[in-house]
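Here is a short briefing to read alongside the sequence and the model. Keep the structure open as you go through the points.

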Amino acid sequence: MSLFYRVLLSIATLGIGMGVILLIVILPTVSNMRVLSQAIDEERARIENTTSGALGLRSTASDVQKVKSFIPKLMELFIKPGREIELFTLLEKEGRQSELTQRLRLGEPQPAKHALLALPLEIELKGDLVNTLNFINRLEKSPLLLPLESIDLQLNPTVGESNQELTSMLRGTAYVRK
């Protein structure tokens with residue numbers, strides 16, 4: 001056989017040998033690597049879900065601790081039992097400072113959520129618009145929680161005066177701790 005055929009036969013044998021090695025060894029290994037990669041991805045996703053759930057619980061627990069530190073401050077927003085007079089004193093003081101005449105009416109206490117009593121309250125104010133707005137602004141800045149539900153305004157025409165008297169009816173709810 002000539003040298004050319006021998007080289008060609010050697011190359012063909014080498015190619016067939018490499019093909020057999022490729023089919024027997026390398027392709028199954030690549031296939032197994034794909035399966036292993038998928039298993040790793042699934043395990044990573046499972047661990048991330050488990051870890052994020054644990055982190056969520058940890059952050060929730062820390063949030064609860066933060067809120068617990070604010071509870072005493074929040075409880076100061078509510079009127080202490082038997083101390084409802086503080087509300088009337090505050091309202092009268094704000095009315096005097098705003099140069100308004102006022103009439104206060106307190107409704108019957110009603111049970112509210114979370115160990116509170118809701119006290120319906122009506123405040124009738126008489127004075128000019130600027131003083132009424134000053135009173136409402138001071139009421140918003142007061143240390144007690146007194147959400148207003150409605151404000152009714154009525155202009156009372158007075159003959160010969162440039163400042164007309166305004167009658168305002170504020171309705172809200174004061175909250176008292178039980």
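Which residues does Ser98 touch, not counting residues up to four places away in sequence? The contacts are Asn131, Asn134, Phe135 and Arg138. This is a predicted model. The protein has three helices and five strands. Their order from the N terminus is α-α-β-β-β-α-β-β.

**Ser98 and its setting**
- Ser98 sits in the loop between α2 (85-97) and β1 (101-106).
- Its relative accessibility is 2%, so Ser98 counts as buried. The cut-off for buried is under 20%.
- One of the residues that Ser98 touches is Phe135. Phe135 is also named among the core residues that touch the most other members.

**Overall figures**
- The protein has 178 residues, and buried ones make up 20% of them.
- Take the contacts with a separation of 6 or more: residues 24 or more positions apart account for 61% of these.
- The exposed area of the protein is about 13,100 Å². Carbon and sulfur atoms supply 63% of that area.

**The largest nonpolar core**
- The largest nonpolar core holds 17 residues.
- Leu87, Leu91, Leu121, Ile123, Phe135 and Leu146 touch the most other members.
- Two or more residues of this core come from each of α2, β3 (116-127), α3 (129-141) and β5 (165-177).

**A nonpolar patch on the surface**
- Ile16, Val20, Ile21, Leu22, Leu23, Ile24, Val25, Ile26, Leu27 and Val30 form a nonpolar patch on the surface.
- Together these residues have about 890 Å² of accessible area.
- Val20, one of the patch residues, lies in helix α1 (residues 3-75).
- Val20 has a relative accessible area of 40%, so this residue is partly exposed. Partly exposed covers the range between the buried limit of 20% and the exposed limit of 50%.

**Salt bridges**
- How many salt bridges does a search of the whole structure find? The search finds seven.
- Asp41 and Arg44 form one of them, with the closest N and O atoms 2.5 Å apart. The two residues are three apart in helix α1, so about one helical turn separates them.
- Both ends of that bridge are partly exposed: Asp41 at 37% relative accessibility, Arg44 at 46%.
- Glu124 meets Arg103 in a salt bridge, at 2.6 Å from N to O. This pair links distant parts of the chain, with Glu124 in strand β3 and Arg103 in strand β1, 21 residues apart.
- Is Glu124 buried or exposed? Glu124 is buried, with a relative accessible area of 14%. Its partner Arg103 counts as partly exposed, at 44% relative accessibility.
- Glu122 forms a salt bridge with Arg105, and the closest N and O atoms are 2.8 Å apart. Glu122 is in strand β3 and Arg105 in strand β1, so the bridge ties together parts 17 residues apart in sequence.
- Glu122 is partly exposed at 26% relative accessibility. Arg105 is partly exposed too, with a relative accessible area of 34%.
- Arg105 and Glu122 also belong to a network of salt bridges that includes Asp152 and Arg171.

**Ile151 in strand β4**
- Ile151 lies in strand β4 (residues 148-156). Its relative accessibility is 41%, so Ile151 counts as partly exposed.
- Which residues is Ile151 in contact with, leaving aside its neighbours within four places in sequence? They are Ile136, Met169 and Leu170.
- Ile151 and Glu122 are 29 residues apart along the chain. Their C-alpha atoms are separated by 9.8 Å.

**The aromatic pair**
- A pair of aromatic rings is described by two values, the distance of the centres and the angle of the planes.
- The structure holds one aromatic pair. The ring centres of Phe4 and Tyr5 are 5.7 Å apart and the planes stand at 65°, so the pair is edge-to-face. The edge-to-face label needs an angle over 60 degrees.
- Phe4 and Tyr5 are both exposed.

Key. Residues numbered from 1 in each chain as written. Predicted model: local features only at pLDDT ≥ 70, side-chain atom pairs only at ≥ 80, totals over all residues. Heavy atoms only, no water. Helix = DSSP H or I, 4+ residues; strand = E, 2+ residues; numbered from the N terminus. Buried < 20%, exposed > 50% of the residue type's maximum accessible area, 1.4 Å probe, protein only. Contact = heavy atoms within 4.5 Å. Core = buried A, V, L, I, M, F, W, Y, C linked by side-chain atoms within 4.5 Å. Patch = residues over 30% accessible without salt bridge, like charges linked within 9 Å, V, L, I, M, F, W, Y side chains within 5 Å. Areas by Shrake-Rupley, 256 points an atom, 1.4 Å probe, with all protein chains shown as cover. Salt bridge = Lys/Arg side-chain N within 4 Å of Asp/Glu carboxyl O. Phe/Tyr/Trp six-rings, centres within 6.5 Å; stacked < 30°, edge-to-face > 60°.
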